[in-house]
Amino acid sequence: MNHPSAGHPRILIVEDDEVIREATRMALERYGFPVSTAADGLEGLEMFHAERPDLVLLDVMLPLLDGVGLCRRIREESQLPILMMSARTDPVDVVSGLEAGADDYVVKPFESAVLVARIRTVLRRIRIVPAAPAAAPVPVPVPAFEPAAPEPVAPEPRTPVRSFDGLEVDTDSMEVRVHGRLVPLTPTELRLLLEFTAAPGIVLERAVLLERVWDYEWGADTRVVDVHVQRLRAKIGGGRIETVRGFGYKLRRSE
């Protein structure tokens, strides 16, 4: 998994429209991001290998290798965040980009402040901090003339591994295994799975998942949730996450 470098994360923009590409580059640089650019999909793939950016901002419609194809190629070797850009509002384009492995998308034209907010939100997802183990209580000295207080009961040790019918999620190492086999997940998929494993058997509404995983506090496109759930199912086994029509999704309890 790629992690942001020191300072501002480096961003690779792959956009064939020179005006949009340069305007986006200058906008992001004003916010302090180091930026590299590419004008087509093949150049974008070469730049990805040469630069190893922390995030890729990727247009859907690109010459030589389109954005969906480039997204798939990057996903074959990296779980770094990918944000798709598209001027087309066709839901097929949106879903295709998400199914290829993108974490989120923005529709052009967009304001630079909105784009930066989306970028920062996506980058926050890779900074998953495991919960700290509970500290044992410190006994307080008791004066000799008072009856001694009961011995403090140490809390039961925290178990970092959540197990569900062959699925294991280690919340310390952030590793996911299915029947012992390590399954690589993107940061967004891992955050989504952590929400499900924290509340097995409880229905999580799409709006709740949008807020907790994507940091959206407004009515965003719920297709983002649906496609990521589909991708997660394909990796951990389709029967583990159940659709509750009209509400959302839930993780089946372990038998």
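**Reading the elements of a predicted model**

Student: Which of the elements of the protein chain has the lowest mean pLDDT, and which the highest?

Tutor: H4 has the lowest mean pLDDT, 80, and S1 the highest, 97, where pLDDT is the predictor's confidence in each residue, from 0 to 100. The elements are DSSP runs numbered from the N terminus, helices being H or I runs of at least four residues and strands E runs of at least two. This is a predicted model, in which local features need pLDDT of at least 70, side-chain atom pairs count only at pLDDT 80 or more, and totals for chains, interfaces and linings use all residues. Residues are numbered from 1 along each chain as its sequence is written, and side-chain values use heavy atoms, with hydrogens and water left out.

Student: What is the pLDDT over residues 1–6, and what is it over residues 128–138?

Tutor: The pLDDT is below 50 over residues 1–6, a stretch that has 15 contacts beyond near neighbours in sequence in the model, a contact being heavy atoms within 4.5 Å. Residues 128–138 are also below 50, with 17 such contacts. Where pLDDT is low, the predicted coordinates should not be read in detail. For the protein chain the average is 82, with 80% of the residues scoring at least 70.

Student: How do you know that S1 and S2 pair?

Tutor: Two strands pair if DSSP finds at least two bridges between them, and four bridges join S1 (residues 11–14) to S2, the two running parallel, so the definition is met. One of the residues involved is Val 14, with Ala 38 in S2 as its bridge partner.

Student: What makes S2 and S5 the edge strands?

Tutor: The open sheet has five strands in the order S2-S1-S3-S4-S5, with parallel pairing. S2 (35–38) and S5 (104–107) are its edge strands, and each pairs on one side only. Neighbouring strands of this sheet are turned by 20° against each other on average, direction ignored.

Student: Which strands do helices H2 and H3 lie across or touch?

Tutor: H2 (residues 41–51) lies across S1 and S2, running at about 150° to S2; such angles run from 0 to 180 degrees between N-to-C directions, with axes fitted to C-alpha atoms, for helices over the stretch in contact. H3 (residues 67–75) packs on the sheet, touching S1, S3 (55–59) and S4 (82–86), and its direction makes about 175° with that of S4.

Student: How many bridges are there between S11 and S12?

Tutor: There are four, in the antiparallel sense, between S11 (residues 241–244) and S12, and Ile 241 has Leu 251 as its bridge partner in S12. In the hairpin of S11 and S12, with three residues between the strands, Gly 246 takes a positive phi near 85°. S12 (residues 248–251) also pairs in the antiparallel sense with S10 (residues 204–205), over two bridges, where Leu 204 is partnered with Tyr 249.

Student: What is notable about phi at Arg 52, and which bond joins Lys 108 and Pro 109?

Tutor: Arg 52, in the loop between H2 and S3, has a positive phi of about 50° although it is not a glycine. Lys 108 and Pro 109 are joined by a cis peptide bond, with omega about -5°, and Pro 109 sits in the loop between S5 and H5 (112–124).
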